[in-house]
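Let's take a walk through this structure together, one stop at a time. Keep the picture open beside you as we go.

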Amino acid sequence: MAQANEDIRYYYQSLNYENRFYSNEEFNFYSDDVDQLQNGNSDNHCNIIKSENKLWSIKCSDEGIHNFIMTSKKGNKDSFDVNIEKRQYCFRWNFITTYSETRPKPFNVILPGEEFTARLWVVSGEENNISNIVPTNFEKDITIGLYMNGLTPTINFIDEENIFEIIDISFSKNEGYWTVSLIAKEAGQILFEIHNNNIHLFNCTVEKTRASLSVINKLLTTKTDDIEDDVKIPNNSIKIYQNPCFKNFFIAKSDNNYGVKSFVYTIDNFRTLNPIFLKQMSQIKEKDTIIDIIPINSENLFILTSQNKLYKIKDMKTAEEINIFPVDQTITNIKMTSFCTPTVNYIKSTRDNNKIENYNNYYVAYRFKDNRFYFTTDNFESINLTYVKQYGAIIDIEINPLNKTFILLMQNINKSNSILIYDPEKDKIKDGFNFETGISQNDEKKYFIDSLEKIVISELGTNELFIYGKMRLFYSPNSGEHVFEMKLINKNDDQALLMRNEKIKNVITSKFGNVAVQTSANRIFYGSSFSTELHEIISGISKDDISSTIWFDEFGVLYVITSTPNEPYLSKRRIPIYNELAIKRSNKNDESSIKECPIYEFNSDIKSKYFIDIGETINFKTSVTVKSDYLDEISFIYSDIDLLNITYKDNEIAPADKFSDNSIKTLTREVQITNKYKTKNGITSIVIAPQNNQVECQIEPKKSTIYLKCPPSRNIRFNVTESYKSLTCENTKYPGSFKYYKKYWKNWKKNEIGKKDKYELFDCSIYGPPIPAYYLNEFIPTLSLYDGDKYIKDIDAEFVLIEDKGSIAYSFSKKLKDTNCTTKPQTWEEMIRRYPLNDITNVWTKENYIPCTSDTDEFNENKEYQIFSSNNNGIIWKSQNNMYLMFTAIVIDPEYSYCKLKTKFAIHVYGAAMKTYLQLIIVLITSLLIALLLVISFYLYKHFFIKKKEKED
């Protein structure tokens with residue numbers, strides 16, 4: 001008994017004279033005298049409960065000395081201290097499955113759908129690698145001791161979609177371990193945690209232990225496909241089609257189960273499914289089957305059939321046959337653009353400034369191993385024929401809207417594969433990579449590859465593409481001009497050798513840079529385009545799911561899509577890639593060795609999109625923090641730099657802490673990008689990621705779309721002098737219409753000088769308030785460039801100026817003799833005559849501007865020069881009237897900007913000198929008045945003098 005006060009007596013339920021307990025361990029005491037008990041530390045780390053039988057229970061989660069204050073019914077107080085210690089994790093769980101009792105080494109690997117037995121026991125927490133399949137004598141004694149104290153394992157799954165079913169669990173005292181009978185339905189990496197039910201042995205407990213179970217598929221090993229004599233490259237047993245401009249809309253067609261005369265479509269990423277059967281469409285013949293599909297939008301599509309017919313399916317209900325191809329032409333494939341660009345918002349915002357070719361309407365049709373192909377830009381209302389006979393036969397075609405090209409995989413005249421890059425606008429073909437003359441990066445031997453089958457353009461929206469055939473996979477960062485071979489890393493090389501005629505049958509990518517490969521043996525390899533290696537994953541496709549394919553959803557999650565004979569005709573199963581990557585992978589030679597991602601952090605301030613005008617620059621900074629011994633293996637990859645000049649500076653930063661062991665370093669790269677060409681625009685992308693060859697590194701790349709076009713809010717403005725910047729339409733007086741005096745305005749369409757005065761309405765919201773300009777001073781207009789309301793710089797390019805309503809009450813101060821012209825320059829009179837448009841402000845543009853230094857010819861040097869550049873030209877007012885004028889300034893330098901830069905402003909000319917004839921009239925009238933005054937003065941004087949003289953007389 002422990003007695004602290006004669007009025008307060010209490011007894012510990014268990015003997016513990018040192019008042020030492022462990023965190024999260026419940027301890028009790030009994031007292032007749034204690035009425036209240038509270039934690040004197042004023043924290044909430046201890047839970048206090050009083051039961052009806054005068055028993056107090058305390059459990060503390062925080063270590064340290066805790067003080068408890070007892071209060072009796074009489075109000076007396078006393079206290080006691082308890083030392084809460086953290087129980088040591090002396091033990092952990094060991095979980096193994098074995099194929100047989102005699103197997104020398106344990107593998108946590110099972111097959112789906114079959115019952116397996118696992119063993120579970122307690123081992124020392126200091127043991128990392130357990131090689132035995134039964135407990136040692138020490139492990140057996142500890143496990144039995146804990147079991148006798150009430151220890152029971154609890155298994156919790158980390159991923160609720162990937163679990164195994166526990167059929168039975170029992171403990172054997174003779175063997176010293178629990179036996180777990182389990183079944184896993186699907187292949188995958190199952191992650192789970194084994195918990196202790198708060199049982200301990202002295203000051204030791206069993207640590208919560210994370211474990212994994214690999215559920216692998218029974219792989220197909222008798223695949224005997226041979227593509228040498230195929231009429232066309234065989235499709236996957238199930239194929240998915242998508243219009244990239246409608247991200248949630250997919251069509252799935254299977255050659256098995258629900259048949260080749262139907263397909264399933266979804267408008268919500270396979271959450272709901274809708275079947276379509278050709279027999280419901282009377283226009284399609286009964287024996288006709290689907291060969292290929294192009295989704296036009298979420299309601300309409302093109303289908304190519306086995307009877308060489310092309311149909312347009314409208315509203316998923318009716319079929320309309322399209323007779324566009326020659327009768328003797330067989331078509332085996334139809335294709336559409338690989339991704340959607342430019343976006344609708346971009347087209348809207350730049351419609352006035354740019355002519356954008358929409359490559360989303362480009363479709364191509366061809367026959368496998370033919371020497372010609374057709375393409376259309378108007379939904380097969382018309383077609384264009386292109387021959388490639390001199391290059392060989394066509395294997396596959398993809399449309400890349402980014403660089404406006406068709407990428408052709410060919411079999412050349414020497415029966416080797418090669419890449420062609422076709423520009424449909426210029427009707428020109430450029431040679432890409434030749435697999436007959438290329439050099440392997442693996443063994444530096446000369447290539448001769450003739451088995452490539454398909455081209456896949458990356459979902460990253462760049463010029464990246466993949467080419468594959470048999471078990472070879474190649475990557476190209478620049479539309480096939482150069483390629484790099486990628487390695488498929490087997491989990492078991494010996495088992496892979498047993499698979500006859502295995503070949504790659506599907507390659508897919510995600511918008512995050514992930515790449516997945518499906519083989520004919522239903523093996524799956526996974527990696528990224530930033531690594532040269534793709535690793536086989538255990539989460540493959542089951543042997544029975546021969547009508548399956550793989551698919552990335554919008555979040556980069558990998559799924560298996562399998563066709564079924566009954567509704568809803570498709571099933572979807574997530575492949576737990578990240579479960580496998582979360583564990584410590586083992587290499588082939590030492591299954592206990594740890595291979596972890598060496599990259600700790602990857603950051604970049606790159607924006608998701610940029611607009612670069614001619615001569616402009618963007619800057620961003622990227623950094624990666626890694627283990628120091630991996631630093632040399634990490635670099636940055638830039639995709640699609642054909643239109644860009646990229647320069648960068650690398651720096652290596654050591655840890656800031658001077659006491660650090662230098663095991664971590666940071667590489668930074670400062671990047672500067674400009675456009676490569678002054679007159680060539682386009683859309684390009686950059687993808688940045690640290691390069692690594694380990695599948696464990698799941699690092700999302702940084703992507704930016706760069707528009708080498710007119711920025712949507714780009715504009716120019718007339719520079720107003722400081723004294724007039726406060727003028728607004730509200731605080732400025734001006735007439736509602738401006739007067740144009742006869743002989744000082746011109747009808748440009750009729751080429752006639754105005755014979756009478758006219759008035760033109762003025763809209764201040766278009767031109768702004770009229771800016772005063774003194775008549776006798778030369779008027780020198782200057783312009784500035786803006787993004788929205790943000791000032792960028794002063795305009796230093798050639799621009800022209802014209803009065804919108806036809807005023808000719810001004811001339812240009814600069815003469816041709818003061819310029820560098822070598823031929824007669826363009827003038828407004830010439831441009832208006834050559835381009836007779838209703839709006840004269842549109843006749844002289846950067847598209848038709850010809851510099852006066854482009855040729856050599858004789859010209860009159862005394863003529864005026866009508867082009868402005870910075871402040872080297874001006875305007876002299878000719879009309880002897882104060883007047884209001886409305887001007888438009890147009891930048892005509894074609895190498896200054898992608899934009900059509902134009903601005904309007906109004907001028908109030910004041911202080912004009914009086915006209916000559918008015919001056920003469922005033923002088924004449926004044927002279928007459930003076931003469932009259934002199935005459936009157938004479939007569940007055942004479943009259944006064946005569947009167948005076950008469951008086952004197």
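Is D396 buried or exposed? D396 is buried, since its relative accessible area is 0%, and the cut-off for calling a residue buried is under 20%. Before we go on, bear in mind that this is a predicted model.

D396 has a partner: its side chain meets that of K335 in a salt bridge, with 2.6 Å from N to O. This pair ties together distant parts of the chain, with K335 sitting in strand β28 and D396 in strand β32 (residues 393-400), 61 residues apart. K335 is buried as well, because its relative accessible area is 10%.

Now let's stay with β28 and look at the sheet around it. Here four strands make an open sheet, and their order is β28-β29-β30-β31, with antiparallel pairing. Why do β28 (333-336) and β31 (384-387) each have one side without a neighbour in the sheet? They stand at the edges, and each has a single partner strand, so there is nothing in the sheet on the other side. From one strand to the next, the twist averages 25 degrees. As a bit of background, strands of a sheet pair through backbone hydrogen bonds, in either a parallel or an antiparallel way. In the middle of our order, strand β29 (residues 363-366) and strand β30 (residues 372-376) run antiparallel and are joined by four bridges. If you'd like to find one of these pairings yourself, look for Y366, whose bridge partner in β30 is F373.

Next, the helices. Helix α1 covers residues 137-148, and its 12 residues should span 16 Å at 1.5 Å a residue; the C-alpha atoms at its ends are 16 Å apart, so the expectation and the model agree. Several α1 residues are buried, namely E139, I142, T143, I144 and L146. Just past the end of α1 you'll come to G150, which takes a positive phi of about 110 degrees.

Much further along is helix α7 (residues 916-952), which is where you'll find L929. This leucine is partly exposed, because its relative accessible area is 47%. L929 also belongs to a nonpolar surface patch of about 540 Å², made together with I921, I925, L932, I936 and L940. It helps to know that an α-helix has 3.6 residues a turn, so residues three or four places apart point the same way.

Let's finish with salt bridges, of which the structure holds 22. One of them joins E536 to R523, with the closest N and O atoms 3.0 Å apart. This pair also links distant parts of the chain: E536 is in strand β43 (residues 533-537), while R523 is in the loop between β41 (514-519) and β42 (524-528), 13 residues apart. Both E536 and R523 are buried.

Another salt bridge brings together the side chains of R834 and E830, at 2.9 Å from N to O. How far apart are R834 and E830 in helix α6 (residues 828-834)? They are four residues apart, so about one helical turn separates them. R834 counts as partly exposed because its relative accessibility is 47%, whereas E830 is buried, at 16% relative accessible area. Some salt bridges also share partners, and in this way D613, E616, R714 and D787 are joined into one network.

Note on methods: Residues numbered from 1 in each chain as written. Predicted model: local features only at pLDDT ≥ 70, side-chain atom pairs only at ≥ 80, totals over all residues. Heavy atoms only, no water. Helix = DSSP H or I, 4+ residues; strand = E, 2+ residues; numbered from the N terminus. Expected span 1.5 Å × (residues − 1). Buried < 20%, exposed > 50% of the residue type's maximum accessible area, 1.4 Å probe, protein only. Pairing = 2+ DSSP bridges. Axes fitted to C-alpha atoms, helices over the stretch in contact; angles between N-to-C directions. Patch = residues over 30% accessible without salt bridge, like charges linked within 9 Å, V, L, I, M, F, W, Y side chains within 5 Å. Areas by Shrake-Rupley, 256 points an atom, 1.4 Å probe, with all protein chains shown as cover. Salt bridge = Lys/Arg side-chain N within 4 Å of Asp/Glu carboxyl O.
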